[in-house]
Amino acid sequence: MRKKQLNIEYREYYSGEELPVDEAELLKSAAKATHDAYSPYSGFNVGAAVRLDNGEIITANNQENAAYPSGLCAERVAIFYAQAKYPDAAIESLAVTASQKGVPCEMPTLPCGACRQVMAESESRSGKALKIVIGGSRRTMVIESVSGLLPFPFNNLPEKEKEE
Ligand code: THU
């Protein structure tokens, strides 16, 4: 038996502090996308933006449905659209933010488990770290890789080398 420990590192910015320009830009695109969310059931508008290694930025938002489980989170709409359009491009970073009744949420909207699993697959598919920027008007978090959000993803791809 071995006891193991995880150490998750991330950056946190507080209102008034400056995010690095590329992260601020992506977050701005995500914030813009909140306005076009289709969220008549929850009233919670989520915007996401992904930056690809081919220079493209794809924005998306949550899409709800009368049959609730048929809707999809902003993050997955963005990732799946990006991968559908540019299957060979790596997703380098993803920004997400939300608003309610037109007011930006103060605290970061942390992605749900299903979105984290989808992010993990994008990362393993490209072999490159996917950075996540989660914005709130009072606080913004930056996590360098999906492993910081989902340390133990399900992975059913053909086995690579297993780490000790
Ligand atoms: N939602 C997202 O789009 N992303 C998240 O990270 C959390 C939740 C959506 C799903 C649903 O349309 C609404 O927010 C309320 O849960």
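In this predicted model, Tyr10 is found in the segment that precedes strand E1 (11-14). Its relative accessibility is 42%, so Tyr10 counts as partly exposed, a class that lies between under 20% for buried and over 50% for exposed. Tyr10 also takes part in a nonpolar patch on the surface, together with Leu6, Ile8 and Phe152. The area of this patch comes to about 460 Å².

Attention now turns to the ligand. The residues around it are Ser42, Phe44, Val46, Asn62, Glu64, Cys73, Ala74, Glu75, Leu110, Pro111 and Cys112. Sorted by class, this shell holds seven nonpolar residues, alongside two polar and two charged ones. Two elements of secondary structure, strand E2 (44-52) and helix H2 (74-85), each provide at least two residues of the shell.

Several polar distances help to place the ligand among these neighbours. In the side chain of Glu64, an N or O atom is 2.5 Å from an oxygen atom of the ligand. Glu75 likewise offers a polar side-chain atom, which lies 2.6 Å from a ligand oxygen. At Ala74 the backbone is involved instead: one of its polar atoms is 2.9 Å from an oxygen atom of the ligand. As for surface area, the ligand taken alone exposes 370 Å², and the protein buries 76% of that.

Note on methods:
Residues numbered from 1 in each chain as written. Predicted model: local features only at pLDDT ≥ 70, side-chain atom pairs only at ≥ 80, totals over all residues. Heavy atoms only, no water. Near = heavy atom within 4 Å. Polar contact = N/O pair within 3.5 Å; in protein donor to acceptor, adjacent residues only side chain to side chain. Areas by Shrake-Rupley, 256 points an atom, 1.4 Å probe, with all protein chains shown as cover. Helix = DSSP H or I, 4+ residues; strand = E, 2+ residues; numbered from the N terminus. Nonpolar A, V, L, I, M, F, W, Y, C, P; charged D, E, K, R; others polar. Patch = residues over 30% accessible without salt bridge, like charges linked within 9 Å, V, L, I, M, F, W, Y side chains within 5 Å. Salt bridge = Lys/Arg side-chain N within 4 Å of Asp/Glu carboxyl O. Buried < 20%, exposed > 50% of the residue type's maximum accessible area, 1.4 Å probe, protein only.
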